[in-house]
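Please look at how the two chains are arranged relative to one another, and then follow the contact between them from its overall symmetry down to individual pairs of residues.

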2 protein chains.
Amino acid sequence: MERLVVDMDGVLADVYPHFFHYDEIEGGRRKTVEEVTGIPELEAFPNIRKYIYSKGFFRALVPIEDSQEILKQLNERYELFIVSAATEFPLSLEEKHAWLNEYFPYISWQQMVFCGQKHIIDADIMIDDHFRHLDRFKNRTILFSQPHNLAKDAGRHERVNSWKEIAGLLLK
Amino acid sequence: MERLVVDMDGVLADVYPHFFHYDEIEGGRRKTVEEVTGIPELEAFPNIRKYIYSKGFFRALVPIEDSQEILKQLNERYELFIVSAATEFPLSLEEKHAWLNEYFPYISWQQMVFCGQKHIIDADIMIDDHFRHLDRFKNRTILFSQPHNLAKDAGRHERVNSWKEIAGLLLK
């Protein structure tokens with residue numbers, strides 16, 4: 001059984017609606033997707049660290065469309081792990097655990113990994129929205145499209161724009 | 001630079017004094033080390049899950065003798081990660097993060113991994129007190145002696161009884 005590693009923020013959890021919302025509260029105007037396309041999250045939303053360090057931020061996120069149903073099927077076909085670069089944000093750890101329990105109840109604690117860097121993870125396939133994680137991963141890499149990575153060529157990574165496309169690649 | 005993975009409970013954090021203490025409060029008598037030698041922690045201390053699920057348990061632990069000084073030297077000679085099977089205990093996540101920050105301030109969030117299973121970690125050397133983690137690890141394994149593992153032969157793992165012995169093996 002192949003081992004599959006799936007990221008949380010930007011792959012399972014929809015972070016951009018919250019970034020737009022918090023940024024609008026502070027800036028008085030809601031940015032458009034075009035304005036933040038191809039721009040690192042930290043530059044697109046200058047106070048992003050304040051948002052993601054605040055209690056409740058991660059717990060309030062909404063799952064990305066189709067992720068719950070398709071991940072359930074992947075969970076039956078792969079040795080699945082959810083790997084989140086979360087240790088930078090200590091408050092997020094318990095929230096991410098509770099969030100997975102709520103929206104992905106078929107994911108057990110044995111399948112959760114909260115870390116700082118992902119290059120120490122040994123797996124066959126990695127799905128992530130950040131080049132910094134995919135670039136250091138030795139095996140098959142799938143780039144999940146998010147505004148911050150859209151302008152850049154996917155390089156050796158396979159780009160997907162939705163969970164339906166992931167199903168097309170991994171559930172055939 | 002070789003990648004070294006070090007466990008927390010029973011290797012960096014001294015859990016037995018707390019197990020004896022909580023067990024004594026409930027049972028009215030302090031067990032001896034002899035009584036719990038060679039016995040899985042769960043059998044030796046029947047209510048152990050209650051203790052480790054309670055808020056504050058992990059935060060109150062004390063570092064094992066010499067671990068702070070020797071790990072600091074290892075941190076300069078190895079690509080070091082602290083890997084703790086912590087996701088079974090969601091309350092422990094933030095506590096373990098804070099505990100590392102207090103007692104091992106040279107360990108950054110980039111070097112922390114909180115997971116459920118350790119066989120997905122890719123490294124050269126693993127130090128742990130549990131056979132279930134070491135047995136599935138492909139490379140060099142070092143068993144840190146704790147009462148629960150004392151009666152069993154170390155098998156292919158190298159057994160150490162102290163952090164000074166770890167220094168003898170890895171800092172020569």
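Which side chain of chain B meets that of Asp122(A) in a salt bridge? In this predicted model, the partner of Asp122(A) is Lys138(B), with a distance of 3.1 Å from N to O. Across the interface of chain A and chain B, the rule finds 2 salt bridges, and there are also 15 residue pairs in polar contact.

The arrangement of the chains gives these contacts their setting. Chain A is superposed on chain B by a rotation of 180° with 0.0 Å of shift along the axis, at an RMSD of 0.0 Å, and that is the relation of a two-fold axis. Because 100% of the interface residues of chain A are also interface residues in chain B, the copies meet through the same surface.

The contact draws 23 residues from chain A and 23 residues from chain B, and the area buried between them is about 2,300 Å², of which carbon and sulfur atoms give 61%. On the side of chain A, Glu94(A), Trp109(A) and Ile120(A) lose the most area to chain B, together 26% of what that side buries.

Turning to polar contacts and secondary structure, the 15 residue pairs in polar contact belong to an interface to which strand E4 (79–85), helix H6 (90–103) and strand E5 (112–115) of chain A each supply at least two residues. H6(A) gives the most to that side, with 5 residues, and by class the side has 11 nonpolar, 6 polar and 6 charged residues. E5(A) is also joined by 3 bridges to strand E5 of chain B, the two running antiparallel, and within this pairing Val113(B) is the bridge partner of Cys115(A).

Notes: Residues numbered from 1 in each chain as written. Chains lettered and ligands numbered in written order. Predicted model: local features only at pLDDT ≥ 70, side-chain atom pairs only at ≥ 80, totals over all residues. Heavy atoms only, no water. Least-squares fit on C-alpha atoms with pLDDT ≥ 70 in both. Contact = heavy atoms within 4.5 Å. Buried area = accessible area lost by both parts, 1.4 Å probe. Salt bridge = Lys/Arg side-chain N within 4 Å of Asp/Glu carboxyl O. Polar contact = N/O pair within 3.5 Å; in protein donor to acceptor, adjacent residues only side chain to side chain. Helix = DSSP H or I, 4+ residues; strand = E, 2+ residues; numbered from the N terminus. Nonpolar A, V, L, I, M, F, W, Y, C, P; charged D, E, K, R; others polar. Pairing = 2+ DSSP bridges.
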